[in-house]
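Welcome, and please open the structure in your viewer. We will go from stop to stop, with something to select at each one.

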Amino acid sequence: MAAFVMMAALVAGCSPESPSPEAASPSPTMAVPKAGDCYVTIGGGSKTFDLAKDCLDSHNREVAYVAEITGPAAAAPPAVTDASLPVSFGICDQKVAERLGSDWRPLRAVVTITVPRPSEWEQGARWVRCDVDFLDERLSRMTAIDGSGRVNIPELSIGCFRRDAAKTETFVPVDCREPHNWEFAGATDVAATSPFRKTDDAWPEAQSACERKVQAFVGVSAAQYAKAYRARFTVLNTRAMWDAGDRTARCFLDLGRTTMTGSAQGRGTKVPRYS
């Protein structure tokens, strides 16, 4: 894996005229991010780094919007949930959609608010970014994609999957014209009052929201859904982004051991029952 070597900031002498941390500006040796930049994200958690890439090369992160951090938010390194930041999840939601030319929720993509890391902050970085991160076909870890100037929306679309009911880790994306037992039914917002849950089985708010989404996707009544079908969901965002306002859950029709060919959308009771 490639690693960054960050150039050290120029050491300035201390004097009464020295700028305060709030007035500090990025070091001239630092690249200030801008909308349209692309990166390969390396590592995870607190040890995550962004390696700048040409957007025509493989990458897994694109910048949709950049704003300058000023005022109270510039006094100390902010968290992505800081209400004094010049961006919010609502702004990033809009900017990412504009960047992609499409709603990102039906895609293998998530929105991330990115603030400077401690080393960048110490060098004077005072920006906040709205990023879009791309996921692998199983909607789990990030994966690099080939750029072409614009993101290939059809290739990123979430579709159908074949999952072994006895081996839940077997989750294979397939063309919906092939036999499958899972299908993406759309995304929904979980109630704002719902706390972030660590496990799906302890998240009734997300389950209920996706049951309604799957029912409408298949085109059956509530009673028909309850007797014959099952909904599953996944929340791909992080706890920090959940707290920042991203309450997105992706919803799936689950047929269990039963398989079908073609999309289940609008087919009503012609969709085979869960078994």
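The tour starts with the whole chain and then moves to smaller selections.

**Before you click**

This is a predicted model, in which local features need pLDDT of at least 70 and side-chain atom pairs count only at pLDDT 80 or more, while totals for chains, interfaces and linings use all residues. Residues are numbered from 1 along each chain as its sequence is written, and side-chain values use heavy atoms, with hydrogens and water left out.

**Stop 1: the whole protein**

Show everything as a cartoon. The protein has 6 helices and 10 strands; helices (H or I, at least four residues) and strands (E, at least two) are DSSP runs, numbered from the N terminus. Of the 275 residues, 42% are buried, where buried means under 20% relative accessible area, exposed means over 50%, and partly exposed is in between (1.4 Å probe, protein chains only). Switch on the surface, and about 14400 Å² is exposed, with carbon and sulfur atoms supplying 53% of it. Such areas come from the Shrake-Rupley method with a 1.4 Å probe, and for residues only the protein chains shown count as cover.

**Stop 2: a five-stranded sheet**

Select residues 38-42, which are strand β1. This strand belongs to an open sheet of 5 strands with antiparallel pairing, in the order β2-β1-β3-β5-β4. Two strands pair if DSSP finds at least two bridges between them. At the edges are β2 (49-53) and β4 (109-114), each pairing on one side only. On average, neighbouring strands of this sheet are turned by 35° against each other, direction ignored. Axes here are lines fitted to C-alpha atoms, for helices over the stretch in contact, and angles run from 0 to 180 degrees between N-to-C directions.

Between β1 and β2 there are 5 bridges, in the antiparallel sense. Which residue of β2 is the bridge partner of Cys 38? Label Lys 53 to see that partner.

Now add residues 89-100, helix α1, which lies across β1, β3 (61-68), β4 and β5 (127-134) and runs at about 130° to β3.

**Stop 3: aromatic rings**

Show the side chains of Phe, Tyr and Trp. The structure holds 10 aromatic pairs. Rings (the six-membered one for Trp) pair if their centres lie within 6.5 Å; planes under 30 degrees apart count as stacked, over 60 as edge-to-face and the rest as tilted.

Begin with Phe 89 and Trp 104: the ring centres are 6.4 Å apart and the planes are at 90°, so this pair is edge-to-face. Phe 89 is in helix α1 and Trp 104 is in the loop between α1 and β4, 15 residues apart. Are these two buried or exposed? Both Phe 89 and Trp 104 are buried.

Next, pick Phe 161 and Phe 171, whose ring centres are 4.6 Å apart with planes at 10°, so they are stacked. Phe 161 sits in strand β6 (residues 160-164) and Phe 171 in strand β7 (residues 167-174). Phe 161 is buried, with a relative accessible area of 2%, and Phe 171 is buried too, at 11%. Add Trp 182, Phe 184 and Phe 252 to your selection, and you have one aromatic cluster together with Phe 161 and Phe 171.

**Stop 4: charges over rings**

A charge sits over a ring if NZ of Lys or CZ of Arg is within 6 Å of the ring centre and within 35 degrees of the ring normal. Select Arg 126 and Trp 121: Arg 126 lies over the face of the Trp 121 ring, 3.7 Å from the ring centre. Then go to Tyr 274, where the charged end of Arg 230 sits over the ring, 4.9 Å from its centre.

**Stop 5: strand β10 and its partners**

Select residues 248-254, strand β10, where 7 of its 7 residues are buried. Thr 248, Arg 250, Phe 252 and Asp 254 point one way from this strand, while Ala 249, Cys 251 and Leu 253 point the other way.

β10 pairs with β8 in the antiparallel sense over 7 bridges, and Phe 184 has Phe 252 as its bridge partner in β10. Strand β9 (residues 230-234) also pairs with β10 in the antiparallel sense, over 5 bridges, with Cys 251 in β10 as the bridge partner of Phe 233.

Stay on β8 (residues 182-189) and pick Thr 188. This threonine is buried, with a relative accessible area of 16%. Not counting residues up to four places away in sequence, Thr 188 touches residues including Ala 209, Lys 213, Arg 247 and Cys 251; contact means heavy atoms within 4.5 Å.

**Last stop: a loop residue**

Finish at Leu 139, in the loop between β5 and α3 (153-156). Leu 139 has a positive phi of about 60° although it is not a glycine, and it is buried, with a relative accessible area of 8%.
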